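Hi,

Here is the structure I promised to pass on. Have a look at it first, and my notes on what turned up follow below.

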Amino acid sequence: MMNQIDFQNVSLKINKTDILNDISFHLDGPKIYGLLGKNGAGKTTLLSLLASFREPTSGALRINGEEPFENAAIMNSVAFIYEKDRKEETEKIPGLLELVERYRPNYDKEYANYLIDKFNLPLNKAVKSFSKGMLSALNVVIGLAGRTPITIFDEAYQGMDAPTREIFYKEVLAEQAKHPRIFILSTHLVSEMDYLFDEILIINNGSLLLHEDYESLVSRGASITGSQSTVDHFVRGKSILNEQQLGNTKSVMIYDELSESERNEAMALGLEIGTISLQDLFIHLTREER
Amino acid sequence: MKQNNIPLKVAFDITSVQSGWSIIFFLILIFNNIIKYISSLFHEGGEIGNFFNITFSGSTVFMLIIGIIAAYTFLPLYVNHGITRKDYFVGNTLAIFFISLVLLAVSLIITGVEYTIVNLTNMDITFINEGAIENEENIIANFVLSIVLSSFGDMNNVPWLLSIGVFLIRAMFFYAIGWFIGASFYRAGVIAGFGSIAFSIILVSLFDLFWEATEGNILAQYLSLDFGTPSLFISFIGSCFLIAFLFVIIRTITKRVSVRL
């Protein structure tokens, strides 16, 4: 089972421009990993290294302890699903899936047909005539039905309407239950996907900001609301993500785990402690870096 | 999860796809010959090149173009399907041989049909034979044509292996040239791409020298290079060496190439 991914000080330069800087993380086990980052943060490039589309300039990348680049067994276990230009694709869906079936040993044809039906995709139309949403759905079919041990969806939802995106999310969860594997979903639309993720990686300007499991990450962020002076006093020394004020009432988002005694103290001071969403954390953490 | 016979699978797929493209190529040639036949009906004793001759000349451009397309199409496709660059390279190399075989087979079948029709209908047609066309493009074609045409006489004395060999080697060489140019553009951009075209012109001239095509040959013109009349053995070995040399360069270019998204 292919379930270990290691990045050790991985950097990438393209045309002397730093694209990824000294990235290190370890993914362990068949989970759903969310790779978050703003547009241009380096998400796609990082994922393309995993799929052996290119090699890092420095550092080491290992999958199950082996370098994936030009490693037949490993490359065959990684599917990288991204928004591909299919404007010239005269082939129809059956022809494209035939290729997947030939080269992906775990491909499930029945499941592919089920998904095609679910996404309402036409079998008799050339793929080049597909709408953006249909192309995204086709990509999802290829990624899910290919059943590769490492399946990467790079902003696969693009162009999909809300109901179709919902089908995609449900299928990812169902697949993970039935055929556990490493799913990596990259996105900058965090709010509607956060419930999918077991672990989160946030990348910004080519550097890894954090890698944590979902529960720890969201429990670390908190919003403190109350009178200005009390809030200011309470959050002193803590990592502040954002501040908002209306009259004398102030709300501050912090990125620091609160101890039990701190929570009791806040309550005694009349402060309100709220949770903050992954989306808020993502927005403010990446904004802080600018 | 290592799969067996990946290069063979790749070779089969590329051969199917590119042989499919050759249908258009053959249809154009057939259409071209039909027009010539019709026009020859109005001129007594018309002379036209037979289908093999036309395919022989046309196949170089066809193979060159599909070679260029291969570099841009198949490498990203197969890496995206989890195939290593090495397996893709071996598969595409095998495919060149298979596609050349397909071209040869189809060309010979259509030529056979052509001769049968002309004989059955007693059309007043003369097929242009060796030496009838003097431009350098057709010298090699006529060389092979003379051999193939003789097959319609004494079937026992036809050096089939030779005619097939020359056709295959020429087709493979031009595909490899196209693949090399395409891979150079893909890997290193426009400047290196144009450099590869310049280098290819030299390689094509060298190839032509092995087959006595000196007219308009830049190596013959500027360097006064002339192999004279090389023996067939030298011609074959020299041509094979050039093809192998191209494969080595292509493999070097694509060995660690980054795939574009």
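To start you off: how many residues of domain 1 of chain A are in contact with how many residues of domain 2 of chain A? Before I get to that, please keep in mind that this is a predicted model.

**Chain A and its domains**

Chain A has 290 residues, and 39% of them count as buried. Its secondary structure comes to 10 helices and 13 strands. If you want a feel for the dimensions, the C-alpha trace of chain A spans about 65 × 40 × 35 Å along its principal axes. I also looked at contacts in chain A between residues at least 6 apart in sequence, and 71% of these join residues at least 24 apart.

The domain assignment splits chain A into domain 1, residues 4-205, and domain 2, residues 217-288. Their centres, taken over C-alpha atoms, are 35 Å apart. Now back to the opening question: eight residues of domain 1 of chain A touch seven residues of domain 2 of chain A. On the domain 1 side, the most comes from strand β8 of chain A (residues 199-204), which gives three residues. That side of domain 1 of chain A has four nonpolar, two polar and two charged residues.

**A small sheet in chain A**

Next, go to the start of chain A. Strand β1 (residues 4-14) and strand β2 (residues 17-28) of chain A run antiparallel and are joined by eight bridges. If you'd like to pick out partners across this pair, Asp6(A) has His26(A) in β2(A) as its bridge partner, and Phe7(A) stands opposite Phe25(A) in β2(A). The two strands form a hairpin with two residues between them. One residue to click on in that turn is Asn15(A), which has a positive phi of about 50°.

The hairpin strands also belong to an open sheet of three strands in chain A, with the order β2-β1-β4 and antiparallel pairing. Which strands stand at the edges? They are β2 and β4 (58-63) of chain A; each has a single partner strand, so one side of each is left without a neighbour in the sheet. From one strand to the next, the twist averages 15°.

**Two helices side by side**

Another spot to visit in chain A is the pair made by helix α5 (residues 132-146) and helix α6 (residues 162-178). Their axes come within 11 Å and cross at roughly 5°. With angles under 35 degrees counted as roughly parallel, α5(A) and α6(A) are therefore roughly parallel to each other. From α5(A), the contact takes Gly133(A), Ala137(A), Val140(A) and Leu144(A). From α6(A), Thr164(A), Phe168(A), Glu171(A) and Glu175(A) take part. By class, the residues of this contact come to four nonpolar, two polar and two charged.

**Where chain B meets chain A**

Last, the contact between the chains. Chain B puts in 17 residues and chain A puts in 21 residues. Which elements of chain B give two or more residues to the side that touches chain A? Those are α2 (51-80) and α3 (85-121) of chain B. Of the elements on that side, α3(B) gives the most, with three residues. The side of chain B that touches chain A has five nonpolar, six polar and six charged residues.

Happy browsing, and write back if anything is unclear.

Best wishes

Conventions: Residues numbered from 1 in each chain as written. Chains lettered and ligands numbered in written order. Predicted model: local features only at pLDDT ≥ 70, side-chain atom pairs only at ≥ 80, totals over all residues. Helix = DSSP H or I, 4+ residues; strand = E, 2+ residues; numbered from the N terminus. Buried ≥ 20, exposed ≤ 12 C-beta atoms within 10 Å, placed from the backbone. Contact = placed C-beta atoms within 7 Å. Axes fitted to C-alpha atoms, helices over the stretch in contact; angles between N-to-C directions. Parallel < 35°, antiparallel > 145°, perpendicular 65-115°, else oblique. Nonpolar A, V, L, I, M, F, W, Y, C, P; charged D, E, K, R; others polar. Pairing = 2+ DSSP bridges. Domains from an automatic or database assignment.
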